[in-house]
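Biologist: Could you take me through the salt bridges of this protein, with a close look at where the paired side chains sit and what else is found around them? I am new to reading structures, so please go slowly and connect one part to the next.

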Amino acid sequence: MPADWLRPVRMALDAREQAIDIFFRDDDAGWDDDRLYALLECFRDCNIPIDLAVIPEVLSQSLAGSLLGRWRRNPFMLGLHQHGYSHNNYENQGRKCEFGVSRSEEQQFKDLLAGKQQLECLFGLALDRIFTPPWNRCSQATADSLLKLGFQALSRNRGAAPLHTGTLREIPVAIDWCGIRIKSVQPWVALGQAITDVLYPEHPEPLGIMLHHAVMDVDDLEHLQALLELFREHPNTNCRLMREFLEVRQSTDAPGRSCPLESQAVLTATRSCLI
Ligand SMILES: [Zn+2]
């Protein structure tokens, strides 16, 4: 492993005046369970929380049971939310999309509802009301349907085409780990630089890192572990679950609820107690 690929990341963190919120979103839970478990072990060993975007149609009973068991043992280290319905591509041309413009709102609503019901049945209260569309792409009809179904947040790429989202929050990812690694001649240097670029400006938005366990090998996990250890140790990082961003906003928006700092303190304290 190149020893210095994290050096610019560390320098960027050192240079920050304020801590940055960070989250990890792993997509495609339901595919390649063995690799998913390896990724979850990596996060558990490093004591960093992780959000899983779960494909309803391919989720097995055994995986659902295992994930729910992990959530029950420590709900502050694992987030579970819906990732499309079947992860099929319905576009005949252009970029792949399950919830694209070629599908009507009625078709989209039907799939979103079916997926939501399946996951609610398996996960119950452990399911977060967050939606990640496959390939990070969806249409206005998707956002409209998500609002009708009571979702609280949509997660796509940072810089995705704007949608009218109403009360639906956006929790975008900024880094595509596997995309950068596959496209680059010097993948780890490129990944370190991409993360550094997001850290340098005093950006108030969280740093979201997208993973795809099904295409991550041992080399990926070794590098990821080094990054997680840096984030765990550095004073200018707060690694969180995606749902925590909703809790902070709700507390801020609703007078009379607990103060956001207090909620965060409780979350952090509880997380430490459960380790
Ligand atoms: Zn996906």
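Modeller: In this predicted model, R44 and E41 form a salt bridge in which the closest N and O atoms are 2.8 Å apart. The two residues are three apart in helix 2, so about one helical turn separates them. Their surroundings can be described by accessibility: R44 has a relative accessibility of 57% and therefore counts as exposed, while E41, at 25%, counts as partly exposed.

Just after helix 2, which spans residues 33-46, comes a loop that leads to strand 2 (50-54), and N47 lies in this loop. N47 is partly exposed, because its relative accessible area is 27%. From N47 we can step to a distant part of the sequence, since N47 and R232 are 185 residues apart along the chain, yet their C-alpha atoms are 7.6 Å apart in space.

R232 brings us back to salt bridges, for it pairs with E233, and the closest N and O atoms of the two are 2.9 Å apart. R232 counts as partly exposed because its relative accessibility is 35%, whereas E233, with a relative accessible area of 56%, is exposed.

In the whole structure the count comes to 12 salt bridges. One of them joins the side chains of D21 and R240, at 2.9 Å from N to O. D21 lies in strand 1 and R240 in the loop between strand 9 (237-239) and helix 9, so this pair ties together parts of the chain that are 219 residues apart in sequence. D21 is partly exposed, with a relative accessible area of 24%, but R240 is buried, with a value of 13%. The pair also belongs to a network of salt bridges, in which D21, R240 and E244 are linked.

Strand 1 and helix 9 are also joined through aromatic rings, and a search of the whole structure finds eight aromatic pairs. A pair of aromatic rings is described by the distance of the centres and the angle of the planes. For F23 and F245, the centres are 5.8 Å apart and the planes are at 65 degrees, an arrangement that is edge-to-face. F23 belongs to strand 1 (residues 20-29) and F245 to helix 9 (residues 242-253), and the pair links parts of the chain that are 222 residues apart. Both F23 and F245 are buried.

Another pair starts from strand 1 as well: the ring centres of F24 and F231 are 6.1 Å apart, and their planes are at 45 degrees, so this pair is tilted. Because F24 lies in strand 1 and F231 in helix 8 (residues 218-233), the pair ties together parts that are 207 residues apart in sequence. F24 and F231 are both buried. Elsewhere, W5, W177 and W188 form one aromatic cluster.

It is worth setting these salt bridges beside a charged side chain that has none, namely E98, which is buried. E98 is placed in the loop between strand 3 (78-83) and helix 4 (105-123). The nearest side chain of opposite charge belongs to R103, and it is 5.0 Å away. The side chain of E98 does, however, reach the backbone nitrogen of H87, at 3.0 Å. Apart from its neighbours within four places in sequence, E98 is in contact with several residues, including G84, Y85, S86, N88, D111, P134 and W135.

Among the other contacts of E98 are Y90 and R103, and R103 itself lies over the face of Y90, at 3.9 Å from the ring centre. R103 also lies over the face of F99, where the distance to the ring centre is 5.9 Å.

To place these details in the whole chain, it helps to know that the protein has 10 helices and nine strands. Of its 275 residues, 52% are buried. Among contacts between residues at least 6 apart in sequence, 74% join residues at least 24 apart. The bridge between D21 and R240, whose partners are 219 residues apart, and the ring pair of F23 and F245, 222 residues apart, are examples of links across long stretches of sequence.

Methods
Residues are numbered from 1 along each chain as its sequence is written. This is a predicted model: local features need pLDDT of at least 70, side-chain atom pairs count only at pLDDT 80 or more; totals for chains, interfaces and linings use all residues. Side-chain values use heavy atoms; hydrogens and water are left out. Helices (H or I, at least four residues) and strands (E, at least two) are DSSP runs, numbered from the N terminus. Buried means under 20% relative accessible area, exposed over 50%, partly exposed in between (1.4 Å probe, protein chains only). Rings of Phe, Tyr and Trp (its six-membered ring) pair if their centres lie within 6.5 Å; planes under 30 degrees apart count as stacked, over 60 as edge-to-face and the rest as tilted. A charge sits over a ring if NZ of Lys or CZ of Arg is within 6 Å of the ring centre and within 35 degrees of the ring normal. Lys and Arg count as positive and Asp and Glu as negative; His and the chain ends are not counted. A salt bridge is a side-chain nitrogen of Lys or Arg within 4 Å of a carboxyl oxygen of Asp or Glu. A polar contact is a pair of N or O atoms within 3.5 Å; within protein, one must be able to donate a hydrogen and the other to accept it, and residues adjacent in sequence count only if both atoms are side-chain atoms. Contact means heavy atoms within 4.5 Å.
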